[in-house]
Amino acid sequence: MSNSIEQVIEPWQMENGNVKVLSKEKHGRTAHNLSASSLRKKSDIDLASKVQCRTLKKFLVNLQEVLFGTKLCVLLPAVPLAMFAKCYGIAEPWVFALSMLGLTMLAERISFLTEQIAIYTGPSVGGLLNATCGNATELIIAIFALWQHKVDVVKYSLLGSILSNLLLVLGTSLFCGGLVNLHKEQNYDRKQADVNSSLLLLALLCHVLPLMFRYAGESAAYSPKATLQLSRASSIVMLIAYMAYIFFQLCTHSNLFAAQEEEEDDDDDVGSEETPVIGFWSGVVWLVGMTIVIAILSEYVVGTIEEASASWGISVTFISIILLPIVGNAAEHAGAVIFAFKNKLDITLGIALGSATQIAMFVVPASVLFGWILGINMDLDFNLLETGSLALSIIVTAFTLQDGTSHYMKGLILLLCYIVIGACFFVSSGTTTDHQQNNIDLDFRPSTKASPAY
């Protein structure tokens with residue numbers, strides 16, 4: 001009993017001289033956070049606790065928990081190495097690769113810090129924070145790409161993140177989970193999947209309409225300005241729908257999303273996350289610092305992607321749609337597969353579908369509106385090949401999840417779909433340049449020879 005009291009009053013668990021008393025109330029954890037928790041490890045703070053200076057002790061414990069409290073800490077050297085390579089003019093493909101490896105770890109740490117802050121803020125604010133910061137890396141990369149007027153990189157990277165979550169992450173999870181639990185019945189709650197599928201179909205409609213508007217009707221009806229206006233109006237609708245989804249998830253129907261967490265209370269890996277390991281203000285400071293570092297590495301990624309493409313002989317299209325999402329979301333992908341191994345498909349679906357929904361309904365429209373603020377013509381017209389791939393991926397995923405059961409064959413089908421789409425972009429980007437790729441569909445419209453505004 002005395003040991004537990006000493007743990008509660010440790011300096012790193014105190015803020016403003018007061019001990020934070022926490023209950024077992026849920027604090028808005030999402031499947032995204034649960035996926036990251038599967039990659040965390042307990043830090044040994046015995047050495048830091050022997051330091052006499054209270055401020056120094058608190059800093060050392062926070063440093064150990066934040067930087068070394070994850071199995072991905074082996075990627076930590078990539079962060080200073082990327083900065084060193086950039087400052088001293090080392091080959092930019094190396095800067096790109098090191099930055100991507102660093103972002104892999106930092107994305108998981110952002111999830112950890114938002115969850116720590118969410119414990120103090122309560123379930124509503126915590127859930128909103130988690131829902132907003134769940135894909136902070138993709139949003140920051142999109143902002144820097146827009147800032148540098150690289151609209152194509154924004155579109156391709158966000159499209160790739162959606163495809164990766166729907167086909168690669170979900171497919172790998174269902175395939176591996178089905179093989180490991182070959183003789184067990186795998187079930188999941190269809191209610192969450194139905195909500196996410198409906199939102200993804202709404203996002204698809206908002207992407208298809210600008211494309212259809214370009215091809216349908218009289219040739220004079222189309223103009224880049226009209227497509228841009230339609231995209232901005234659709235983005236506002238998507239953001240309204242996303243806010244309604246957050247309210248639905250946190251307030252009116254929170255039981256649908258919290259039911260599976262009740263089952264995890266006995267799981268040491270998940271249940272241990274209910275106790276904070278750093279203070280509230282410490283978490284805020286670390287979160288701001290991590291965001292700044294992510295912003296720096298994101299700028300490196302956006303600024304060196306063309307050089308990496310030329311050096312590796314792979315187009316920017318393929319790197320943005322296939323490679324960048326795989327590396328950038330590796331921690332989240334691993335968490336989804338781990339929970340599939342444990343036959344906890346509700347968490348797996350929450351990770352894959354939840355992340356895809358957040359990107360499609362929040363990050364993409366936010367990028368359109370941010371481009372509007374900057375005076376950059378970012379729209380929802382992702383061209384025929386890209387939009388077709390998105391449409392077929394969403395439809396295949398929705399049909400796969402319609403019966404509430406799973407087996408390895410469903411996962412294999414999703415994986416094969418991703419391989420075919422990846423091969424398609426690899427072959428198509430190898431025969432034309434990226435600029436030609438963006439404008440090739442306009443060649444069939446003599447009256448619209450002018451390139452779109454983006």
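How many salt bridges does the count come to? Under the rule used here (a side-chain nitrogen of Lys or Arg within 4 Å of a carboxyl oxygen of Asp or Glu), the count comes to five. The structure is a predicted model, in which local features need pLDDT of at least 70 and side-chain atom pairs count only at pLDDT 80 or more, while totals for chains, interfaces and linings use all residues. Residues are numbered from 1 along each chain as its sequence is written, and side-chain values use heavy atoms, with hydrogens and water left out.

A good place to start is the overall fold. The protein has 20 helices and four strands, taken as DSSP runs numbered from the N terminus (helices H or I, at least four residues; strands E, at least two). Of its 454 residues, 55% are buried, where buried means under 20% relative accessible area, exposed over 50%, and partly exposed in between (1.4 Å probe, protein chains only). Among contacts (heavy atoms within 4.5 Å) with a separation of 6 or more, 84% join residues 24 or more positions apart.

Turning to the interior, the largest nonpolar core holds 99 residues, and Val66, Leu113, Leu166 and Leu401 touch the most other members. Such a core is a set of buried Ala, Val, Leu, Ile, Met, Phe, Trp, Tyr and Cys residues joined through side-chain atoms within 4.5 Å. Helix 17 (residues 345-374) gives the most to the core, with 15 residues. Leaving aside residues up to four places away in sequence, Leu113 touches Val66, Ile278, Gly283, Trp286, Leu287 and Met290.

Now to the salt bridges themselves. Side chains of opposite charge can pair when their charged atoms come close. One such bridge joins Arg190 and Asp194 (3.9 Å, N to O); these residues are separated by about one helical turn because they lie four residues apart in helix 10 (residues 190-215). In another, Asp403 pairs with Lys410, with the closest N and O atoms 2.6 Å apart. Asp403 is partly exposed at 43% relative accessibility, whereas Lys410, at 11%, is buried.

On the surface, Leu179, Leu182, Tyr408, Met409 and Ile413 make a nonpolar patch of about 440 Å². Patches consist of residues with over 30% relative accessible area and no salt bridge (like charges joined within 9 Å, nonpolar side chains, namely Val, Leu, Ile, Met, Phe, Trp and Tyr, within 5 Å). Helix 19 (residues 408-431) supplies the largest share of the patch, three residues. Tyr408, found in helix 19, is partly exposed, with a relative accessible area of 35%.

Key
Accessible areas come from the Shrake-Rupley method with a 1.4 Å probe; for residues, only the protein chains shown count as cover.
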